[in-house]
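Here's a quick briefing for anyone opening this model for the first time. Keep the sequence and the 3D view side by side as you read.

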Amino acid sequence: MNVSPTVWLLTVAGLCVLVAVDFFIGRKPHDVSMKEAGIWTAVWVVLAALFGVGLLVLGGGGPGGEFFAGYITEKSLSVDNLFVFVLIMAKFAVPSQYQQRVLMVGVLVALVLRAGFIAAGAAIISTFSWVFYLFGAFLIWTAWKLIQDARKGGHDEEYEENKLLKSIERRFGVADRYHGTKLWIEENGRRVMTPMLVVMLAIGMTDVLFALDSIPAIYGLTQDPYIVFTANAFALMGLRQLYFLIGGLLKRLVHLSYGLSVILGFIGVKLVLHALHESGVHVPEIGIPFSLAFIVLVLAVTTATSLWAARKQDQEGDRDQGREEERSPGPGV
């Protein structure tokens with residue numbers, strides 16, 4: 001798409017307004033109800049769909065299809081990232097009424113960081129076409145790693161602070177408890193960080209790692225920086241509400257990592273084929289309609305099999321509990 005600076009400016013301004021509205025709504029710390037999370041999750045999804053339809057009308061099927069494929073892929077990766085956010089919240093024992101503030105700041109940090117990654121990716125791609133080989137190989141490797149982590153139960157592990165975060169904590173010091181939403185306090189004549197700031201840094205640093213696979217993945221579906229940016233922005237917006245909406249369901253999506261590994265591997269192969277085509281090798285290229293259908297099908301199958309497996313596990317657990325109750329002696333025995 002030939003996007004003018006004016007359209008870019010209006011798009012960024014519109015997204016900033018949406019972020020400001022989201023911040024205004026969640027400015028007061030509170031426990032987010034399922035109703036509130038559900039309503040606002042639906043609002044963000046509808047806004048993304050309307051934007052995609054707008055691209056279909058104004059830009060044609062190509063840009064519109066690329067946006068929806070990129071949005072669905074990025075949203076799916078974001079859901080998988082929520083597993084890590086749950087671990088971080090548990091690690092730092094974040095009070096429930098402050099979790100939405102942490103996630104809000106985390107989304108803002110993610111938007112800024114990903115904008116930088118997207119700009120860098122666009123510059124690299126325009127200069128070095130062979131970078132598609134690297135992106136493709138990296139996504140295939142990431143897909144394999146996801147499968148290995150899923151087999152080991154990677155989401156059941158405890159979050160471990162990285163060396164950078166630990167060094168920041170040693171340098172500035174950390175208060176022993178939360179002080180509302182304050183990020184810094186005076187303690188014994190010294191200005192120290194609160195646990196609130198530490199957990200925000202943890203989520204921000206974690207998102208840098210998330211961007212390493214999500215940005216190459218979406219560049220495998222479209223090389224248009226405008227579509228890459230807007231698909232990422234809409235996928236991240238509403239992530240805070242989605243966290244509270246499906247927080248209890250995350251553990252039931254037992255096959256999500258397998259589905260994402262298939263999608264990332266598929267996009268990796270697509271990138272390699274595109275790179276070969278750009279190099280003059282006559283190989284088939286995978287179109288956006290097929291890519292979109294494939295991604296939706298994999299996610300649908302993954303969700304269905306996850307819920308089936310979780311339900312089967314619950315039934316087996318109920319049967320085992322029933323046997324234990326039958327074997328245990330009654331009162332007075």
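## Inside the cavities

The lining of the largest cavity is made up of nine nonpolar, two polar and two charged residues. Bear in mind that this is a predicted model, and that the structure has two cavities of 30 Å³ or more. Below, the cavities come up first, then a pocket, the core, a helix and a few single residues.

**The largest cavity**

- The volume of the largest cavity comes to about 90 Å³.
- Its lining has 13 residues, and those nearest the centre are Val 19, Asp 22, Met 104, Val 107 and Met 237.
- Which elements give two or more residues to that lining? They are α1 (5-25), α4 and α9.
- Helix α1 provides the largest share of the lining, with four residues.

**The second largest cavity**

- Here the space is about 30 Å³.
- Leu 111, Arg 114, Ala 115, Ile 118, Phe 229, Asn 232, Ala 233 and Leu 236 line the second largest cavity.
- Two or more of these lining residues come from each of α4 and α8 (225-236).
- Sorted by class, the lining of the second largest cavity has six nonpolar residues, one polar and one charged.

**The second largest pocket**

- If you're looking for an open space, try the second largest pocket, with a volume of about 450 Å³.
- It's lined by 17 residues, and Ser 76, Val 79, Ile 246, Leu 253 and Thr 303 are the closest to its centre.
- Helices α2 (34-59), α3 (61-91), α9 (239-246) and α11 each bring at least two residues to the lining of this pocket.
- The pocket lining splits into 11 nonpolar, five polar and one charged residues.

**The largest nonpolar core**

- In general, nonpolar side chains tend to be buried together in soluble globular proteins.
- How many residues does the largest nonpolar core hold here? It has 81, and the ones that touch the most other members are Phe 85, Ile 88, Phe 92, Val 94 and Val 102.
- The top contributor to this core is helix α7 (residues 195-219), which gives 14 residues.
- Phe 92 is worth a click: leaving aside residues up to four places away in sequence, it touches Tyr 159, Glu 161, Leu 165, Tyr 178, Val 198, Val 199 and Ala 202.

**Helix α3 and what comes just after**

- Is α3 largely enclosed or largely open? It's largely enclosed by the rest of the structure, because 23 of its 31 residues are buried.
- The length of α3 also checks out: at 1.5 Å a residue its 31 residues should span 45 Å, and the C-alpha atoms at its ends are 45 Å apart, so the two agree.
- Just after α3 you'll meet Ala 93, with a positive phi of about 50 degrees.
- Ala 93 sits in the loop between α3 and α4, and it counts as exposed because its relative accessibility is 55%, over the 50% cut-off.

**Another positive phi**

- As background, most residues other than glycine have a negative phi.
- Asn 188 has a phi near 55 degrees, which is a positive value in a residue other than glycine.
- Where do you find Asn 188? Look in the loop between β1 (184-187) and β2 (190-193).
- Asn 188 is exposed, as its relative accessible area is 80%.

**Two helix residues to look up**

- Thr 302 belongs to helix α11 (residues 288-327).
- Why does Thr 302 count as buried? Its relative accessibility is 8%, and the cut-off for buried is under 20%.
- Apart from residues up to four places away in sequence, Thr 302 touches His 255, Leu 256 and Gly 259.
- Gly 116 is part of helix α4 (residues 96-127).
- Buried, exposed or partly exposed? Gly 116 is partly exposed, because its relative accessible area of 41% falls in between the 20% and 50% cut-offs.
- The C-alpha atoms of Gly 116 and Leu 50 are 26 Å apart, and the two residues are separated by 66 residues along the chain.

Terms used:
Residues numbered from 1 in each chain as written. Predicted model: local features only at pLDDT ≥ 70, side-chain atom pairs only at ≥ 80, totals over all residues. Heavy atoms only, no water. Buried < 20%, exposed > 50% of the residue type's maximum accessible area, 1.4 Å probe, protein only. Contact = heavy atoms within 4.5 Å. 1 Å grid on protein atoms, 1.4 Å probe; cavity = no way out; pocket = protein on both sides within 12 Å on 5 of 7 lines; lining within 4 Å. Points joined across faces, edges and corners; volume = space filled by probe spheres on them. Nonpolar A, V, L, I, M, F, W, Y, C, P; charged D, E, K, R; others polar. Core = buried A, V, L, I, M, F, W, Y, C linked by side-chain atoms within 4.5 Å. Expected span 1.5 Å × (residues − 1).
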